[in-house]
Amino acid sequence: MNGVPPRPVPVQQPQNLLQIQNRQKKLKITMPPAMACFIVGKVCEGLDYAHNMGVIHRDFKPSNVLLDAGGNAYLSDFGIAKVSQETM
């Protein structure tokens, strides 16, 4: 390193699905079907897990689905979620 501090690695911020959809619409391209199916599957897994824990999201929409550079999908904004007294 010769006395030079390492440069920080830039961290790519996740983008929400609505941002990605709008960019693709502007560029007149579509998401590959395999990628769309993968994202839907991951989102369903997340919703299923939340429901099994008794959490109902109540604000599910493209802008609340985050995608990172690795292709992972995350549910966000549980601000108006409801927690049930019993698990499903």
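## Close-up views of a predicted model

**View 1. Glutamine 19 on the first helix.** Q19 has its place in helix α1. The model shown here, in this and every other view, is a predicted one. With a relative accessible area of 40%, Q19 is partly exposed, since that value falls between the 20% limit for buried and the 50% limit for exposed. Look also for S63, which sits 44 residues from Q19 along the chain. The C-alpha atoms of Q19 and S63 are separated by 7.3 Å.

**View 2. Glutamine 24, another residue of helix α1.** Q24, too, is found in α1. Is Q24 buried or exposed? Its relative accessibility is 14%, so Q24 counts as buried; the cut-off for that label is under 20%. Leaving aside residues up to four places away in sequence, Q24 touches I29, T30 and M31. One of these partners, M31, will come up again in the core view below.

**View 3. The chain as a whole, to get your bearings.** Two helices and five strands make up the elements of the chain. Starting at the N terminus, you can follow them in the order β-α-α-β-β-β-β. The chain has 88 residues, and 20% of them are buried. Take the contacts between residues at least 6 apart in sequence: 55% of these join residues at least 24 apart. The accessible surface of the chain is about 6,900 Å², and carbon and sulfur atoms account for 61% of that surface.

**View 4. The largest nonpolar core.** Ten residues form this core: L17, I20, M31, I39, V43, L47, V65, L67, A73 and L75. Which elements each supply at least two of its residues? They are helices α1 (17–27) and α2 (33–52), together with strands β3 (65–67) and β4 (73–75). Helix α2 gives the most, with three residues.

**View 5. Leucine 47 and its partners.** L47 belongs to the ten-residue core of the previous view. Setting aside residues up to four places away in sequence, L47 touches H57, F60 and L75. Of these partners, L75 is also listed in the core.

**View 6. The largest pocket.** This pocket has a volume of about 220 Å³. Its lining is made of 15 residues, and those nearest the centre are I20, M35, L67, D68 and G71. The elements giving two or more residues to the lining are α1 and α2. Sorted by class, the lining holds eight nonpolar, five polar and two charged residues. You may recognise I20 and L67 from the core view, where both are members.

**View 7. The second largest pocket.** About 190 Å³ of space lies in this pocket. Which of its 14 lining residues are closest to the centre? Here you will find L17, Q21, A36, I39 and V40. Both α1 and α2 supply at least two residues of the lining, and the largest share, six residues, comes from α2. By class, the lining divides into eleven nonpolar residues, two polar ones and one charged one. Among the residues closest to the centre, L17 and I39 may look familiar, as L17 and I39 are part of the largest nonpolar core.

Terms used. Residues numbered from 1 in each chain as written. Predicted model: local features only at pLDDT ≥ 70, side-chain atom pairs only at ≥ 80, totals over all residues. Heavy atoms only, no water. Core = buried A, V, L, I, M, F, W, Y, C linked by side-chain atoms within 4.5 Å. Buried < 20%, exposed > 50% of the residue type's maximum accessible area, 1.4 Å probe, protein only. Helix = DSSP H or I, 4+ residues; strand = E, 2+ residues; numbered from the N terminus. Contact = heavy atoms within 4.5 Å. Areas by Shrake-Rupley, 256 points an atom, 1.4 Å probe, with all protein chains shown as cover. 1 Å grid on protein atoms, 1.4 Å probe; cavity = no way out; pocket = protein on both sides within 12 Å on 5 of 7 lines; lining within 4 Å. Points joined across faces, edges and corners; volume = space filled by probe spheres on them. Nonpolar A, V, L, I, M, F, W, Y, C, P; charged D, E, K, R; others polar.
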